[in-house]
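Q: Please take a close look at one polar contact between two side chains, and then lead me from there through the parts of the chain that help a newcomer to read it. I would like a connected account, with each term explained where it comes up.

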Amino acid sequence: MNAKISHQATSLRVERPGRAATDFPAIWLRDNCRCAACRHPGNGQRLYEITDLPPSLSIQDVARESDGSVRIVWAPDGHVTVFSELWLNDHDLSSEARKSRKKKPTLWNKSNGNAKPVGDWRQMVADPAAELAFLDAYHAHGFGLIRHSPAVPETVLAIGNHLGFVRVTNYGALFDVISLPNPNNLAFTPIGLGVHSDNPYRDPTPGVQLLHCLESDAPGGDTLLVDGFNAATILRQEDPAAFDLLTRMTVNFRFRADNAELNARQTLISVDEDDDIVGVHFNNRSLDWLDAPAEMVEPWFAAYRKLADILHRPDGELVFRLAPGDCVVMQNDRALHGRTAFDPSRGRRHLQGCYVDKDGLDSRARVLRRRLNEKKGVAAWTRCAPFARPSTSAGRTAMAKG
C-alpha cells in the first residue's frame, strides 16, 4: 500500500498516495488491540475494563515490520500492538472512508419497485448463496418477497426463525390477519388500510414484519408498499424545515387492548450522526395526542401533513397481490405497508404474520457471508503482542396488527 506512517503521543497518522491523511487516536488504537491478553481468542470479546488501561496512555514508539505491519509500543506499560496496513485501511476514520463503508439504501417507487427482491423458499433453504442473495437485496430495498413456501399455518414462524429470531409479544408469536366481528384493530376488518409502520407504540418498535399468505380468494386485498426512506428524502428536498422538525420532535403512539396498554415516544423520521435517514415511523391509527409546546403544534402538523401527502402519492406506491405461499418480509421502519379493501363475502383472505428483530436478519446475512468466505479461504485479523493484564482488573395465535 506504500503508506507513510508517522505518530505523535496521542495519534497515529497514515498517509497514502492520492488520499487525504488519516489520523487514528491513540485510545482508539489501544482499544482495538486483539492480542490474547486483550481479547478472548475464540469470541473476540475484551478481557479488560476501560479503567484497566493507563489513564496517561500514549504512543511511545512506532515501527514498520518486514511484512509492512505497523508495530506500536505503548507508554507507560510497554504493551505492544501490531496492525496490518490492510486492517488500518479497512478501519479508516476519515469522513470519506466512513461514508464508503455505509450500506447505501436503494430508493424505490412505483416505476422501479416492480423489480422487487424475490426469493424462492425452496432454493433459499437448500443453497446458502441463494439465501444470502435474497438477504442482500432485502437489506438494500428494505423489503423482499419470498415465493413457493408451504401455504400451511405457522409457516411464517418457520421462515421468521430461519431468517432471524421471532419476537413474542402480547399478540403471541404470530397473528392472523382476517376479517373479524368487533375487532380491536382495523387490520381485522375488510376496509383498506393506508401505508404505515407497525407497532410504533412499542419500545423498541419491531424491526421486521413478515406476512405470509394462506388464502387470497377474496377480490381486493392487494398489498401496498411505500419506501419510507424515499418519501423522507423527497420531504427533505421539498421542505427542509419540515424534515428537520420531524427528526427532532418526538410524538406519542398508543395502543390499548384488554391485555395491553402500550405507549412509546419517537420521532417520525430518524437520522444518524451523519444526518442520514435510518428510520421512518408513521401510523395514523395509533398516533396519540401531541405533547409539545403550543407554538410548535401548528408547524409540526404542517410537517406531518406534508410527509403524509408524499406517502400517499400514487407514483410512490408499489401494489401487488400475494398468492398462497408468498411471504413478504419488510423492514418495519422503512417499507411502510397497507392494503386495498377486500370483499369477504366473495372469498377468503387469510394472512399470518410475525415480528422478527431487525438485527436477526443482519446477523443471518453476516453468518452466511462468513461461512461462504471461509469456504473460499478468506480470513484476516490484526496481530498483537501479548502482555500481562494489570493486577487491578476485576474479573399461539393472537389478534393484532398496526
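A: The side chain of N199 makes a polar contact with the side chain of Y355, at 3.4 Å; the term stands for a pair of N or O atoms within 3.5 Å, where within protein one must be able to donate a hydrogen and the other to accept it, and residues adjacent in sequence count only if both atoms are side-chain atoms. The model is predicted, so local features need a pLDDT of at least 70 and side-chain atom pairs count only at pLDDT 80 or more, while totals for chains, interfaces and linings use all residues. Residues are numbered from 1 along each chain as its sequence is written, and side-chain values use heavy atoms, with hydrogens and water left out.

N199 lies in the loop between β10 (193–196) and β11 (208–216), where helices (H or I, at least four residues) and strands (E, at least two) are DSSP runs numbered from the N terminus. With a relative accessible area of 0%, N199 is buried, a word used for under 20% relative accessible area, against over 50% for exposed and partly exposed in between, with a 1.4 Å probe and protein chains only.

The strand before this loop, β10, belongs to an open sheet of 4 strands in the order β10-β19-β12-β17, with antiparallel pairing; two strands pair if DSSP finds at least two bridges between them. Because β10 and β17 (317–320) each have a single partner strand, they stand at the edges, and one side of each is left without a neighbour in the sheet. From one strand to the next the twist averages 20°. Strand β12 (residues 223–227) is joined to β17 by 4 bridges in the antiparallel sense, and L224 stands opposite V319 in β17. Helix α8 packs on this sheet, touching β12 and β19 (335–339), and its direction makes about 45° with that of β12; axes here are lines fitted to C-alpha atoms, for helices over the stretch in contact, and angles run from 0 to 180 degrees between N-to-C directions.

Helix α8 (228–238) is also among the elements that cover the buried residues of α9, together with β15 (269–271), β16 (277–280) and α10 (294–311). In α9 (residues 240–248) those buried residues are A242, F243, L245, L246 and T247.

Elsewhere in the chain, an open sheet of 3 strands has the order β1-β2-β3 with antiparallel pairing, and its edge strands, β1 (4–8) and β3 (22–25), each pair on one side only. Strand β2 (residues 11–15) and β3 run antiparallel and are joined by 4 bridges, with R13 having D23 in β3 as its bridge partner.

For cysteines, the count comes to 0 disulfides, a disulfide being a pair of cysteine sulfur atoms within 2.5 Å. The sulfur of C38 is 3.4 Å from the closest cysteine sulfur, in C35, and is therefore too far for a bond. C35 counts as buried at 1% relative accessibility, and C38 does so at 0%.

As for confidence, the chain has a mean pLDDT of 90, and 90% of its residues reach 70 or more; pLDDT is the predictor's confidence in each residue, from 0 to 100. Residues 180–186 fall below 50, and beyond near neighbours in sequence this stretch has 15 contacts in the model, a contact meaning heavy atoms within 4.5 Å. Residues 379–401 are also below 50, with 69 contacts beyond near neighbours in sequence.
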